[in-house]
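Reader: I'm in my first year and still getting used to looking at structures like this one. Could you pick the loops and take me through them slowly?

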Amino acid sequence: MPRRMRRRMNAPPIYLDNLATTQVDPRVLAVMLPYFTRHFGNPASATHAYGWAAKEAVEQARAQVAALIGAVPREIIFTSGATEAINLALKGVAAFHRQRGNHFVTSAIEHKAVLDCCRRLQGEGAELTVLPVDHWGQVELAALEAAISSQTIAVGLMAANNEIGTIQPLAEIGALTRSRGVLWLCDAAQAVGKIPLDVEALGVDLLAISAHKIYGPKGVGALYVRRRPRVRLLPLLDGGGQERGLRAGTLNVPGIVGLGMACELARLELAAEAQQLEGLREVLRQRIATTLPGVELNGHPVQRLPGNLHLSFAGVDGAELLLALPDLALSSGSACTSGSTEPSHVLKAIGQEAPASLRFGLGRFTTRVEIDTAAAQVVAAVKQLRSRADEHPGLHHQPALAGSDNQGSDS
Ligand SMILES: *Cc1c(COP(=O)(O)O)cnc(C)c1O
């Protein structure tokens, strides 16, 4: 096993893990700070100016979040993040509609927040259908339609995948769920602020948002709950009745202010930023894929998040590849358990069995110089690991330059 290679002198690793979390934008931090100190009031305090100032800030943030997704402010419920929003949505509608039915539909590539929530409901007696996805990671609409029955309460399908970046056929999912009278919870933690999303145009009923994926703070998010026609759900928490009784607990005012600003910035800069990220991503992809054989793109070639590049490499081990890239902060993934990393249920679901994959998550603060450096380092690391495997045949069971012929994929 190689030790971690020498780091560039004094430089922190290049951050290419923006799908795991993002740096707080300095403009977001600036608007948050006064709400820790000067304006520290509780928005539920209706008898003095401290409370009024906090309430006004929360309501402004609610409007900013709503504006980004085409909702009205009353449809936004603040939570501790997308995980809580998803739990509130799925468990809340399950509890409210138990008399009407007890069947849920989701997909094999959802985030654990959705999958484990559905598994919990299943453990409590619900019926669950987990839809497969195609090689690109999209659900098949015919399979979705066939899964919906008279007992179906809700469908939990994400807007864009956090590993492979694939965007689902959103308008079609919305049209189908609406015509069949079932609710659609859309996990949009990765998609909000990165691709245009309009809850009216798409027919979404419940939509989960996370601040820290869009240059806001950790520990805050929101659930969109449609009012027309009204989506009914029960709260998870009992307490002070905040957020129209759906989410009790004193509001995280600085966090909410930060989420609001993050949404405002995303709304104003989404188009330009998407173009910028796509440009950088294509440089990275071409540099790597035209220099190295045996590289495969995971996820949809076109319908994908602008900042996401997910590649599989034949003939190298995933854990060794990460060790050979000490200057890059990024995520790896593979469908098998050989290394120390968790196996990826997403790669398994799309039939990608290569032993090494890298997820590049480009973000607002990624520079061209960083992309050039990252591309050169990935190329050098893969070449080095493959040549070592050639010198010591038998170390790896994968042939060094196996294209995609025996990797369990069809491209
Ligand atoms: C990050 C993420 C979540 C969880 O969001 P938190 O705010 O961290 O709880 C859920 N779904 C997807 C797709 C995500 O990327």
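Author: Let's start with tryptophan 136, which sits in the loop between β4 (127-131) and α5 (141-147). Those labels are DSSP runs numbered from the N terminus: helices are H or I runs of at least four residues, strands are E runs of at least two. Tryptophan 136 counts as partly exposed because its relative accessible area is 39%; buried means under 20%, exposed means over 50%, and partly exposed is in between (1.4 Å probe, protein chains only). Along the sequence, tryptophan 136 and glutamine 168 are 32 residues apart, yet in space their C-alpha atoms are 9.9 Å apart.

Before we go on, keep in mind that this is a predicted model, where local features need pLDDT of at least 70 and side-chain atom pairs count only at pLDDT 80 or more, while totals for chains, interfaces and linings use all residues. Residues are numbered from 1 along each chain as its sequence is written, and side-chain values use heavy atoms, leaving out hydrogens and water.

Next comes the loop between β7 (206-210) and β8, home to tyrosine 215. Its backbone is worth a look: phi of tyrosine 215 is near 70°, a positive value in a residue that isn't glycine. With a relative accessible area of 4%, tyrosine 215 is buried.

Now move on to the loop between β8 (221-225) and α8 (253-291), where you'll find arginine 244. Proline 229 is in the loop between β8 and α8 too, and the peptide bond leading to proline 229 from arginine 228 is cis, with omega near -5°. Glutamate 243 also belongs to the loop between β8 and α8. Phi of glutamate 243 is positive, about 55°, although this residue is not a glycine. Is glutamate 243 buried or exposed? It's buried, because its relative accessible area is 8%. Arginine 244, on the other hand, has 39% relative accessibility, so it counts as partly exposed.

Arginine 244 also helps form a positive surface patch, together with Arg74, Arg230 and Arg232. Patch residues have over 30% relative accessible area and no salt bridge; like charges are joined within 9 Å, and nonpolar side chains (Val, Leu, Ile, Met, Phe, Trp, Tyr) within 5 Å. A salt bridge here is a side-chain nitrogen of Lys or Arg within 4 Å of a carboxyl oxygen of Asp or Glu. Lys and Arg count as positive, Asp and Glu as negative, with His and the chain ends not counted.

Technical notes
Areas by Shrake-Rupley, 256 points an atom, 1.4 Å probe, with all protein chains shown as cover. Charge placed at Lys NZ, Arg CZ, Asp CG, Glu CD.
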